[in-house]
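Welcome! Please open the structure in your viewer, and let's walk through it one selection at a time.

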Amino acid sequence: MSLLEREAAGVAMTPDNIRTKQLPLVVNLGVALAAIVLSAVIVLGTGVGNWVLVAVVAVVFYLVGLYFAASRVEGRRAAKNRTMQSLIYTACILAILPLASVVWTLVSKGVERLDGTFFGSSMNNISARDPGGGAYHAIVGTLEQVGIAALIAVPLGVLGAIYLVEYGRGRFAGTVRFFVDVMTGIPSIVAGLFILSFWVLIVSPWFNDGNPRFSGFAASLALTVLMLPTIVRSTEEMLRLVPGPLREGSYALGVPQWKTILKVVLPTALPGIVTGVMLAIARAAGETAPVLLVAGGAAAINFDPFAGNQQSLALFVYQQAGDASRYAPARAWTAALTLVALVLVLTIAAKLLARRNKLSR
Amino acid sequence: MAKRIEASNVSSYYGSFKAIDSVSMAVEPKTITALIGPSGCGKSTFLRSINRMHEVLPNARIEGRLTIDDQNIYDPDVDVTAVRRMIGMVFQRPNPFPTMSIYENAVAGLKLNGVKKKAVLDEAAEKSLRSANLWDEVKDRLDRPGAGLSGGQQQRLCIARTIAVEPQVVLMDEPCSALDPISTLAIEDLMFKLKDRFTIIIVTHNMQQAARVSDKTGFFSIDKTGDPGRLIEYDDTQKIFSNPTQKKTEDYITGRFG
Amino acid sequence: MGDNPSRSVNATAGDLGVTNNGHAQGAGSGMSPSSFEPPLGGGGALPKKTRFSMETGFRGLSTAAGSMVLVIIVAIAVFLVSKAVPALQDNTANFLTEKTWFPNDTEPVFGIAALAFGTLLSSVIALIIAVPIALAIALFLSHYAPKRLATPLGFVIDLLAAVPSVVFGLWGRDVLQQPVREFSVWLNHYFGWLPIFGGEGPFGQSIMLGGLVLAIMVLPIVTSLSREVFQQTPGMNEEAALALGATRWEMIRTAVVPYGKPGVIAAVMLGLGRALGETIALALTLGITFNISFNLIQNGGNSIAANIANTFGEANSTGRGALIASGLVLFAITLVVNMTARAIIYRRREFRDSAA
């Protein structure tokens with residue numbers, strides 16, 4: 001007799017004992033059914049709540065019941081294993097619920113104003129009583145602001161990543177890397193306040209006869225602050241994946257390092273870098289707070305990102321959500337649907353690109 | 001176009017670790033020199049010191065004097081890229097540039113160093129691919145990615161890429177260790193052919209290969225792990241393999257050690 | 001081949017040369033045009049390198065770009081302080097203890113107390129809800145789900161992270177508010193004796209609603225980071241536990257959880273950072289009051305960021321300064337939280353790398 005058999009009850013180490021009893025599926029389902037019935041009787045019978053409470057209590061009953069049923073049949077350890085597994089599955093379903101609800105609401109409420117007027121006109125001269133109006137000016141604003149932000153952030157971010165991977169050594173590079181990570185956590189509203197106090201309040205008066213001025217460009221700067229660390233991080237990761245021997249192959253041909261980086265390393269890492277940039281752009285396109293603080297929002301179309309208030313899609317959603325007009329919620333939801341579509345298309349395209357790239361290697 | 005390489009008292013370091021200790025040898029133009037020895041004996045480190053690839057690694061440095069036709073390649077004012085153009089290198093694993101086609105790989109060294117004329121590039125591509133015994137196999141698919149070739153073909157592409165720059169010396173760091181026997185044979189044939197034009201130094205684990213292809217052989221060894229590698233014996237290949245002076249060399253080539 | 005480390009990811013071509021040369025800078029220049037006519041491999045003397053080269057220029061440019069990050073972080077602090085100080089000097093109340101927010105009056109009175117409290121309370125509630133679920137999903141993805149299920153589910157979680165916060169805010173206000181209100185009434189009815197569920201109503205636009213929306217937004221961050229950490233558990237440890245006869249849950253308890261603990265703490269702190277800084281979702285879902293109360297279900301609640309978004313439009317010069325001052329506080333808090341989280345991750349990475 002082994003030590004385990006002597007000391008641990010229920011452990012037998014003979015060959016015919018390697019089969020353990022499994023909780024039959026019927027019992028499992030029985031416990032579930034009993035839990036639902038019991039919960040319904042208690043909750044509805046006493047009248048303390050509705051079907052939501054029935055479901056919640058049923059889940060609790062089911063988990064408890066399962067634990068006891070399983071410990072009778074399979075033993076305590078296996079029962080615990082089974083219960084934890086069920087808990088984990090429950091949590092997953094719980095997380096899917098809000099997402100499903102968001103998607104459903106977006107589509108069902110968003111289609112209401114999904115028409116030509118919405119995409120073809122602005123909110124200029126649309127009063128609270130007017131049903132029309134659209135987000136054309138907001139779409140223009142989002143595209144311009146995000147485009148300019150990308151133009152600034154991408155070269156800066158890629159160069160910064162090149163510094164970290166190819167040139168950076170020692171303590172300074174370590175500090176830069178650390179603060180790139182820290183900077184990814186800076187709240188967007190802080191980035192907006194920074195550009196507000198730096199660009200709008202201090203720099204922009206120089207170009208505007210001493211008066212501070214909102215502009216789409218200021219929003220671009222704020223978005224740049226938010227995009228930069230994301231782009232540096234993702235590019236850095238991609239550059240690190242480029243094998244060292246490729247660089248050596250180029251050095252051995254007498255190619256200087258800067259040219260090796262530009263002509264050999266960057267092209268090899270390009271698909272991954274593009275993925276990271278697209279994700280950063282998608283994130284920036286959804287930002288509301290910075291645009292609110294430094295571009296101000298507008299009702300009319302403004303193609304000039306360097307002068308005057310500009311709208312963005314995310315800000316449009318926010319402003320319509322706070323608007324008292326009874327036509328505003330529909331506009332808000334359609335704009336939200338448009339925004340999510342834009343962001344998701346970018347995100348999904350980026351992920352697919354990354355996956356295809358991985359497969360082809 | 002082939003030059004003489006001379007090393008006198010060359011020691012290479014990785015940080016504080018001394019990888020090779022005071023190696024001296026002279027390599028004559030248009031010869032093949034093989035460097036053999038057990039793993040970790042510093043033969044690759046020495047090879048990488050010859051075209052200043054050693055210093056690519058962090059904290060790597062060398063002491064001593066390395067000359068190509070009596071010019072010290074480690075002089076402070078020497079352009080390191082010029083050294084590497086003059087002394088090309090083929091690596092253990094084939095490393096064609098994955099984003100480039102076969103054609104672009106072959107002329108990568110020229111293009112990246114600023115040659116732009118299409119006619120010059122075309123001619124150099126064909127010439128180097130022919131020299132690398134690869135032309136007939138790839139001439140119909142020059143625009144296909146270089147990474148699509150077989151391992152042996154990739155390695156010959158890398159050799160083509162190296163000789164397209166028309167260096168004086170070609171260093172080969174175990175060029176056949178990742179290849180099958182037939183590809184190995186193809187590369188060995190190629191080495192004989194290239195000997196007319198280049199000084200070739202090859203590091204190999206394979207003693208038969210050293211005996212087959214080289215004119216001279218250098219035997220590196222270490223006493224124990226952590227000690228620097230030393231050049232034990234350097235002589236005509238014939239002599240090393242038939243009648244070595246040093247006991248250690250004899251032990252190694254007869255298989256009693258390493 | 002022990003003598004030829006073939007990895008040179010951090011390679012610097014040619015600046016760590018021989019000991020006897022004094023220079024430490026600059027790999028080769030671009031070549032002088034004459035030296036590749038013919039042949040490129042050079043027949044004559046070795047060319048001298050030039051003093052200024054593309055190499056130095058490019059290295060300088062990329063170093064400058066890398067330093068930009070530090071410059072920006074310092075600049076944020078400097079500019080926020082420069083704009084906050086005048087407003088703080090005009091303030092007639094104590095900025096740290098005052099609860100109300102009237103910075104636009106002729107005698108400005110404003111303080112961070114209620115806002116900071118609301119920020120912390122909503123974030124803590126969000127974490128209490130989100131962390132257990134996030135960890136469960138992370139474990140599911142790393143140790144329970146078959147790969148066919150784990151990949152799409154992981155993808156969905158990532159998409160959740162991509163949805164703009166304004167959309168969650170809108171959803172929270174238009175959709176989630178009603179069930180939360182009903183639930184609040186129910187809680188108030190049966191558990192009203194608890195201070196957090198007390199009050200006379202109205203209910204709905206409460207800390208609970210804001211916390212729930214925040215929880216959904218924090219979930220993907222905590223999930224994806226924890227999942228990464230759990231996946232890195234050495235297979236050896238897991239197999240050792242299983243080989244001793246542990247059930248899957250026991251294996252997770254003994255091998256996965258202890259290994260992943262620091263990483264999970266860091267993930268939670270990053271989630272906290274996100275929750276603290278969230279603006280628009282809270283501006284749309286909270287009731288916006290300026291008091292300190294633990295009541296979760298009555299209309300009310302506020303946060304630094306939401307207050308900035310809500311009152312920015314009416315702010316005059318002092319009002320803007322006051323909002324910037326509150327933003328400075330937020331910046332400081334999130335900076336500390338993020339730096340702590342990153343420091344944990346970095347220490348752990350060093351530990352792992354040195355053990356490997």
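## Stop one: chain A as a whole

Start by selecting chain A and showing it as a cartoon: you will find 14 helices and 0 strands. Keep in mind as you look around that this is a predicted model. Reading along the sequence of chain A, the pattern is α-α-α-α-α-α-α-α-α-α-α-α-α-α.

How far does chain A spread out? Its radius of gyration is 29 Å, well over the 21 Å that the globule rule gives for 361 residues, so chain A is more spread out than a compact globule. Now reduce the view to the C-alpha trace of chain A, which spans about 90 × 75 × 35 Å along its principal axes.

While chain A is still selected, try colouring by burial: 49% of its 361 residues count as buried. If you display contacts in chain A between residues at least 6 apart in sequence, 70% of them join residues at least 24 apart.

## Stop two: a pair of helices in chain C

Next, select residues 147-162 of chain C, which form helix α3, together with residues 207-231 of chain C, which form helix α5. Their axes lie 8 Å apart and the helices pack at an angle of about 135 degrees, so α3(C) and α5(C) are oblique to each other. Their crossing is left-handed.

Finally, show the side chains at this contact. From α3(C), pick C:Ile157, C:Asp158, C:Leu160 and C:Ala161. From α5(C), add C:Leu219, C:Pro220, C:Ile221, C:Thr223 and C:Ser224. Coloured by type, the residues of this contact divide into 6 nonpolar, 2 polar and 1 charged.

Technical notes
Residues are numbered from 1 along each chain as its sequence is written. Chains are lettered from A and ligands numbered from 1 in the order in which they are written. This is a predicted model: local features need pLDDT of at least 70, side-chain atom pairs count only at pLDDT 80 or more; totals for chains, interfaces and linings use all residues. Axes are lines fitted to C-alpha atoms, for helices over the stretch in contact, and angles run from 0 to 180 degrees between N-to-C directions. Helices (H or I, at least four residues) and strands (E, at least two) are DSSP runs, numbered from the N terminus. Angles under 35 degrees count as roughly parallel, over 145 as roughly antiparallel, 65 to 115 as roughly perpendicular and the rest as oblique. A crossing is left-handed if the near helix is turned anticlockwise from the far one by less than a right angle, and right-handed if clockwise. Two residues are in contact if their C-beta atoms, placed from the backbone, lie within 7 Å. Ala, Val, Leu, Ile, Met, Phe, Trp, Tyr, Cys and Pro count as nonpolar, Asp, Glu, Lys and Arg as charged, and the others, Gly among them, as polar. The radius of gyration is taken over C-alpha atoms; the globule rule is 2.2 Å times the number of residues to the power 0.38. A residue is buried if 20 or more other C-beta atoms lie within 10 Å of its own, exposed if 12 or fewer, and partly exposed in between; C-beta atoms are placed from the backbone.
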